[in-house]
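You asked for a quick read of this one before you set anything up. Have a look at the entry first, then go through my comments.

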Amino acid sequence: MTYNHEHWMAKALQLARKGLYSTHPNPRVGCVIVKDDELIGEGYHERSGEGHAEVNALADASQDVTGATAYVTLEPCSHQGKTPPCADALIKAGVARVVFGMQDPNPEVSGKGLAKLDKAGIEVVGPVLEADCEALNPGFVKRMREGLPFIRVKLAMSVDGRTAMESGESQWITGAAARQDVQRLRAQSDAIVTGIGSVLADNPSMTVRIDHLDQPTEAKNVRQPLRVVMDTALSILPEAKILYPSHQACVFVVEEEVESEHLDVLQEKGVDIRFAPRGEDGRLDLLNAMEQLADAGINEVLVEAGAELAGGFIQAGLVDEIVVYMAPKLLGSTARPMFQLPLDQMGEALDLELTSVRQVGQDLRLVYVPKYLDHYEDDA
């Protein structure tokens with residue numbers, strides 16, 4: 001029999017994407033079960049602590065799965081976590097073959113699930129559509145491999161590259177469709193990071209507006225991201241909107257800058273106060289803060305901040321992706337720039353790779369990947 005592995009893995013990926021907004025800190029995983037080239041069961045991981053994709057697909061099976069092939073986007077787990085090992089469930093069910101999209105990137109468990117299946121006499125095939133499977137879980141993959149979350153910086157700008165008027169006025173540069181798209185970015189993020197300057201100036205809530213998600217399925221199981229404020233001297237006010245509800249808020253400070261009474265008030269509210277050292281630039285050490293978030297299980301971070309903090313993430317070499325919504329407007333030469341970057345010569349310029357262009361309403365959505373290189377060669 002000829003097996004169309006790519007076809008069925010693509011179907012499993014489709015299912016996995018249904019968990020885009022709900023699975024963190026776990027990865028998004030989909031599974032289909034095929035017998036005699038017919039789909040007999042499907043499932044995906046919906047929420048942390050609940051059934052994994054393989055278990056849900058087995059439960060959905062319309063007939064006996066003995067001798068069937070299971071297609072799963074991520075190597076079946078082999079260890080006991082909040083749920084039993086999926087490799088054991090597949091072995092017990094009697095499947096004949098497991099086709100996997102990618103190995104588990106966690107070095108402590110990678111390959112162990114596949115080895116358990118092989119030892120049980122199950123044929124193991126893969127990886128299949130590996131790049132697509134990795135792209136579905138960029139934060140989980142990076143956290144497992146590098147100990148850091150995947151970091152996106154989101155910016156709205158005019159055609160002349162400005163993000164706000166000189167006074168700070170910025171509502172609204174982009175249209176309603178772009179703002180709705182931002183809600184989807186927020187929903188797929190484990191944490192949203194902003195700076196104390198933005199909090200004091202605008203008092204944002206930084207929550208996902210569920211009613212802005214345009215499909216009912218998008219809103220299902222949406223988990224509100226952790227809201228994180230970079231606040232060196234702990235200047236945030238206890239009544240700031242971003243601190244409600246307090247168990248979903250985190251504030252990073254430099255310890256020697258903190259007034260104990262203010263700290264006590266915030267901690268009594270239930271706000272997670274975390275300490276980071278001061279970096280070489282005199283500001284809060286962003287690398288240390290991101291390592292702490294990764295240790296806390298944060299996979300994907302969305303930075304929504306002003307030019308100084310956004311520029312700080314760029315300078316620290318922490319940004320994996322820049323998402324720019326460009327509005328058909330001109331704000332003028334005195335308006336504020338996208339980033340504060342102390343660059344003086346062309347040789348210091350940071351090259352970007354444009355990976356996506358899409359029109360959203362009247363605005364353009366541009367996605368860039370920074371190329372962090374020590375120096376750049378002139379190709380001319």
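Here are my notes, point by point.

1. Confidence first, as this is a predicted model. Mean pLDDT for the chain comes out at 88, with 92% of residues at 70 or more. Ranking the elements, strand S12 (residues 300-303) is at the top with a mean of 98, while helix H9 (residues 216-219) is at the bottom with 49. Also keep an eye on residues 373-380: pLDDT is under 50 throughout that stretch, and the model gives it 5 contacts beyond four places in sequence.

2. Now the sheet. It is open, has 9 strands and mixed pairing, and reads S11-S10-S9-S8-S12-S6-S13-S16-S15 across. The edge strands are S11 (272-275) and S15 (351-360); each has a single partner, so one side of each has no neighbour in the sheet. On average, neighbouring strands are turned by 25° against each other, ignoring direction.

3. Within that sheet, take S6 and S13. Strand S6 (residues 150-158) runs parallel to strand S13 (residues 321-327), and the two pair over 7 bridges. If you want one register check, Ala156 has Tyr325 in S13 as its bridge partner. Helix H6 (residues 138-146) packs on the sheet, where it touches S6 and S12, and its direction is at about 135° to that of S6.

4. A second helix to look at is H12 (residues 307-315). H12 lies across S6, S8 (191-195), S9 (226-230), S12 and S13. Relative to S8, the helix runs at about 115°.

5. Which residues have the most contacts inside the largest nonpolar core? They are Ile33 and Val98, in a core of 37 residues. Helix H1 (residues 5-16) supplies the largest share of this core, 6 residues. Beyond four places in sequence, Val98 contacts Ala70, Val72, Pro76, Leu90, Leu117, Ile122, Glu123, Val124 and Val125. Another core, of 35 residues, lies apart from the largest one and includes Met157, Leu284, Leu293 and Ala310. As general background, nonpolar side chains tend to be buried together in soluble globular proteins.

6. Are the cysteines bonded or free of disulfides? The count is 0 disulfides. The sulfur nearest to that of Cys77 belongs to Cys86, 3.6 Å away, and a disulfide would need the pair within 2.5 Å. Both residues are buried: Cys77 has a relative accessible area of 12%, and Cys86 has 1%.

7. Then some backbone geometry worth a look before you trust any automatic clean-up. Most peptide bonds are trans, and most residues other than glycine have a negative phi. The Gly126 to Pro127 bond is cis, with omega near 5°, and Pro127 sits in the loop between strand S5 (123-125) and helix H5 (130-136). Tyr244 and Pro245 are also joined by a cis peptide bond, with omega about -10°; Pro245 is in the loop between S9 and strand S10 (249-253).

8. Last, positive phi. Leu129, not a glycine, has phi of about 55°. Leu129 is in the loop between S5 and H5 and is partly exposed, at 26% relative accessible area. For Asp36, phi is near 55°; this residue is in the loop between strand S1 (30-35) and strand S2 (38-44). Asp36 is exposed, with a relative accessible area of 61%.

Terms used
Residues numbered from 1 in each chain as written. Predicted model: local features only at pLDDT ≥ 70, side-chain atom pairs only at ≥ 80, totals over all residues. Heavy atoms only, no water. Buried < 20%, exposed > 50% of the residue type's maximum accessible area, 1.4 Å probe, protein only. pLDDT = per-residue confidence, 0-100. Helix = DSSP H or I, 4+ residues; strand = E, 2+ residues; numbered from the N terminus. Contact = heavy atoms within 4.5 Å. Pairing = 2+ DSSP bridges. Axes fitted to C-alpha atoms, helices over the stretch in contact; angles between N-to-C directions. Core = buried A, V, L, I, M, F, W, Y, C linked by side-chain atoms within 4.5 Å.
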